[in-house]
Amino acid sequence: MIQFFLLFTLLTTTIFASKVDRHRWENGESYLVFLEKNKLPTKALYYNLDKDDQRLTEEMRAGIHYQILRNKNGTIEQVLLPLNDELQIHIYKEKESYKFEPIPIIYTTKTEAFSAKIVSSPNYTIMKKTGSKKLAQIFTASFRNSLNFKNDIRKDDPLVMIFEQKYRLGEVFSMPKLKVAMIEMRHKKHYIYLNDDERYYDEKGHEVEGFLLARPVRGARISSYFSKRRYHPVLHKWKAHLGIDYAARRGTPIVAAGSGKIIYASRMGTYGNLVKIRHSDGYETRYAHMKSFRRGIRKGKYVKKGQVIGYVGTTGRSTGPHLHFELRKRGRAINPLRVVQVTTKKLKGKNYRAFVQLKKSYDKEIASHLTHNAEYKKQTKFQNICFLHRETKDAK
Ligand SMILES: [Zn+2]
């Protein structure tokens, strides 16, 4: 936490003579190349780091915007490299040396909504109304398995979306999180609700089915959940756990969470014996620390959902037998429990009653958005500010 305060002191003390530049992480750029390019010490900022921190540096993705703060001589004072929407790498100069620390990204969350009348496809309608490809994608993906937009949709059919949007210094960032979606087709309303258990259900309380299996290891206990950032109370530092750990006995079979093509089946550093499977729609799953691969499991081979691909072990950097399971979408780690669903499950008893209450309040909101024709708040275009600049402005 000390460094965290230091960041703000540094900001206020160096800000007047400094300059902040915003850059885009290039396709294929690696963290080490980035350090060398900027004449930053690779030893202090990479080779001397622990394995977890080194692994974090691999999370930088093309297209991500990062910031470099330089003093008046052009020397780098600070660098902020966002790893996901929760955690960033903070590189800063202290006396004559450079330090590395992962720190949280501060943001606020707003719930927003809009309604629209179908122009042609829902995808086109939402794009036209909001300009947001992400919202259009989320909407169509939500109903993909249950509705047939092609045949059943008519012009002027209404749709509503309620979602959560993250803001960082007044700017939209990260994927919106869908809370409710509704579309009326042939006078019938279809809904998807985000329940308190963080899973999606239709209006009858049936879970919306996904394409993956819930558990790549049957009957295993989850020993560590997914988190984009968590504070390690013993090491006093910020880390991320970009997968789910399933504790199981050595040798327990591991199955493919979805059908796809094996694109990696070999050893890989701290992952140990690792299998990567590429699925449709840009999804990829990873299975790490395996004792061994199943015979015939190799790069280039196609596997079916539920097919055994290997066995639980503790190879690589692991403290005991478990499967470290990751789900990635276009390279980015996402929470498997958000996407991965078991065969359709219906809410029962107390959980169902709670869902009905939640649904009631959402339905009221949807009705009001429909009658008031809720408008999407158009996003302001990116202004070349970041919080370092913001400080300068405030200081004046
Ligand atoms: Zn793990």
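Strand 8 (residues 171–185) and strand 9 (residues 188–194) run antiparallel and are joined by six bridges. Strands here, like helices, are DSSP runs numbered from the N terminus, with at least two residues (E) for a strand and at least four (H or I) for a helix; two strands count as paired if DSSP finds at least two bridges between them. Within this pair, Ile183 sits opposite His190 of strand 9. Arg186 is found in the loop between strand 8 and strand 9, and its phi is near 45°, a positive value in a residue other than glycine.

Before going further, a word on what you're looking at. This is a predicted model, in which local features need pLDDT of at least 70 and side-chain atom pairs count only at pLDDT 80 or more, while totals for chains, interfaces and linings use all residues. Residues are numbered from 1 along each chain as its sequence is written, and side-chain values use heavy atoms, with hydrogens and water left out.

Now zoom out from the pair. Strands 8 and 9 belong to an open sheet of five strands in the order 6-7-8-9-10, with antiparallel pairing. Strand 6 (108–117) and strand 10 (200–201) are at the edges with a single partner strand each, so one side of each has no neighbour in the sheet.

Two helices go with this sheet. Helix 6 (residues 133–143) lies across strand 6, strand 7 (158–168), strand 8 and strand 9, and runs at about 40° to strand 8. Helix 9 (residues 349–372) packs on the sheet too, touching strand 6, strand 7, strand 8, strand 9 and strand 10, and its direction makes about 125° with that of strand 9. For those angles, axes are lines fitted to C-alpha atoms, for helices over the stretch in contact, and values run from 0 to 180 degrees between N-to-C directions.

What fills the space in terms of side chains? In soluble globular proteins, nonpolar side chains tend to be buried together. Here the largest nonpolar core has 24 residues, of which Phe114, Phe139, Met161 and Ile183 touch the most other members. (Such a core is a set of buried Ala, Val, Leu, Ile, Met, Phe, Trp, Tyr and Cys residues joined through side-chain atoms within 4.5 Å; buried means under 20% relative accessible area, exposed over 50% and partly exposed in between, using a 1.4 Å probe and protein chains only.) Strand 6, helix 6, strand 7, strand 8 and strand 9 each give two or more residues to this core, and the largest share, five residues, comes from helix 6. Ile183 turns up again here: leaving aside neighbours within four places in sequence, its contacts (heavy atoms within 4.5 Å) include Phe139, Phe143, Leu159 and His190.

Next, move to strand 3 (residues 76–82). Seven of its seven residues are buried, so this strand is largely enclosed by the rest of the structure. Strand 2 (residues 65–70) runs antiparallel to strand 3, joined by four bridges, with Ile76 as the bridge partner of Arg70. The two make a hairpin with five residues between them, and Gly74 in the turn has a positive phi of about 90°. Strand 3 also pairs in the antiparallel sense with strand 4 (residues 87–94), over five bridges; there Gln78 stands opposite Tyr92. That pair is a hairpin as well, with four residues between the strands.

Then there's the metal. The zinc ion has His241 (NE2), Asp245 (OD) and His324 (ND1) as its protein donors, lying 2.0 to 2.2 Å from it. Donors are N, O and S atoms within 2.8 Å of the metal (3.2 Å for Na, K and Ca), and water is not among the atoms, so sites may look incomplete. Along the chain, the donors follow the spacing H-x3-D-x78-H. His241 in strand 13 (residues 237–241) and His324 in strand 22 (residues 322–329) are 83 residues apart, a pair that links distant parts of the chain. Both histidines are buried. Asp245 is also one of the residues in contact with Ser223, which is located in strand 11 (residues 221–224) and is partly exposed, with a relative accessible area of 39%.

Finally, how far can you trust the coordinates? The predictor's confidence in each residue is pLDDT, from 0 to 100; its mean for the protein chain is 85, and 87% of the residues reach 70 or more. Over residues 1–15 pLDDT stays under 50, and over residues 381–396 it is below 50 as well. Where pLDDT is low, the predicted coordinates should not be read in detail.
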